[in-house]
Amino acid sequence: MAKLSAAQYGKDNIRVYKVHRNEQTGVQDVVEMTVCVLLQGDIETSYTQADNSVVVATDTMKNTVYIMAKQHPVTPPELFGAIVATHFVDTYKHIHFAEVKIITHRWTRMTIDGKPHPHSFMRDGAETRNVEAVANEGKGIDIRSAIAGLLVLKSTGSAFHGFIRNEYVTLPEVEDRILSTEVDCGWTWENFQTVKDVEDAIPKFDEAWTNSRDITLQTFAKDESASVQNTMYKMCEQILAAVPMVKAVDYSLPNKHYFEIDLSWHKGLKNTGKDAEVYAPQSDPNGLIQCTVTR
């Protein structure tokens, strides 16, 4: 006999843009987000008995996000996610779990004639600031903040050797190599009991994002990396030390490979080892290194 063992549903790819206008200074601030809402609760009959009376329509979820964005601040995204998630659990008594995922896209203020422009912006990269906020009835609010899509590269200062060698290995050991990755770094906060608790922590969210980003970039640049594994562990340690309210830090770092090109076939042209200057960027397959570090 069949049994529904898990179910959730929601609205994905809700595009939201909000502008804040300072009437006194004429300066405007903008935020653009992509939001996903997922709900769980007493919704089994909508699947098993075609009972739509328990369904909060996904279009209603979209409208709710727009209304919440009008009525509440959307920054920091941790607060907005907590507000939206809690709204669904508080408003619909049969909904016991609401997850809100927010991707905040970059809009960086332009500098024109040496001065910050009051209302013009540019997207200066694919990096995003992400948040996952979960309101779980009776269990408070859990939040994970993240940096995603931050593409970094250093042309030296990375090695990889001493790994297992057997009949399957073709990878040479290297004392110096190009290291490049697209950073996905997340940090999970201690549980918040209420939205008020999240509001009280507002200054901590931007501070943690800045610290985590700075630590990532500085460690990546300065570390004489023996491996991606060791470098990412050092990053996690430092973030835990810098942000006391965080209970776990996780990284997912794909290797962006750059391979030397042997050009010796052309008149003995040297382009390997210490003579390497021209490389072939690779798309796949690629290494993928992940870890989570807790207190």
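I take contact to mean heavy atoms within 4.5 Å, and I apply it here to a model that is predicted.

**Asn-255.** I looked up Asn-255 and found its place in the loop between β9 and β10 (258-260). Leaving aside residues up to four places away in sequence, I note that Asn-255 touches Leu-179, Ser-180, Val-228, Asn-286 and Gly-287. I enter Asn-255 as buried because its relative accessibility is 13%, and the cut-off for buried is under 20%.

**Helix α6.** Val-228, one of the residues that Asn-255 touches, led me to helix α6 (residues 228-242), whose 15 residues should span 21 Å at 1.5 Å a residue, and whose end C-alpha atoms are indeed 21 Å apart. Which residues of α6 are buried? I listed Val-228, Thr-231, Met-232, Met-235, Cys-236, Ile-239 and Leu-240. For the spacing I recalled that an α-helix has 3.6 residues a turn, so residues three or four places apart point the same way. I then checked what the buried residues of α6 pack against, and found β8 (179-189), α5 (202-222), β9 (246-254) and β12 (288-294).

**Helix α3.** I looked next at helix α3 (residues 77-91), which has 15 residues and reaches 21 Å from its first C-alpha to its last, close to the 21 Å expected. I record α3 as mostly covered, with twelve of its 15 residues buried, among them Pro-77, Phe-80, Ile-83 and Phe-88.

**Aromatic pairs.** I found four aromatic pairs in the structure. Phe-160 and Phe-163 form a stacked pair, 4.8 Å centre to centre with 10 degrees between the planes; Phe-160 counts as partly exposed at 24% relative accessibility, whereas Phe-163, at 19%, counts as buried. Trp-189 and Phe-205 form an edge-to-face pair, 4.8 Å centre to centre with 75 degrees between the planes. Trp-189 lies in strand β8 and Phe-205 in helix α5, so I read this pair as tying together parts that are 16 residues apart in sequence. Both rings belong to buried residues, with Trp-189 at 1% relative accessibility and Phe-205 at 0%. I also noted that ring pairs link Trp-189, Phe-192 and Phe-205 into a cluster.

**Charges over rings.** I saw that Arg-123 lies over the face of Trp-107, at 4.2 Å from the ring centre, and that the charged end of Lys-154 sits over the ring of Phe-220, 5.6 Å from its centre.

**Asp-200.** I closed with Asp-200, which is found in helix α4 (residues 195-200) and whose side chain makes a polar contact with that of Lys-196 at 2.8 Å. The C-alpha atoms of Asp-200 and Val-174 are separated by 49 Å, at 26 residues apart along the chain.

Notes:
Residues numbered from 1 in each chain as written. Predicted model: local features only at pLDDT ≥ 70, side-chain atom pairs only at ≥ 80, totals over all residues. Heavy atoms only, no water. Helix = DSSP H or I, 4+ residues; strand = E, 2+ residues; numbered from the N terminus. Expected span 1.5 Å × (residues − 1). Buried < 20%, exposed > 50% of the residue type's maximum accessible area, 1.4 Å probe, protein only. Polar contact = N/O pair within 3.5 Å; in protein donor to acceptor, adjacent residues only side chain to side chain. Phe/Tyr/Trp six-rings, centres within 6.5 Å; stacked < 30°, edge-to-face > 60°. Lys NZ or Arg CZ within 6 Å of the ring centre and 35° of its normal.
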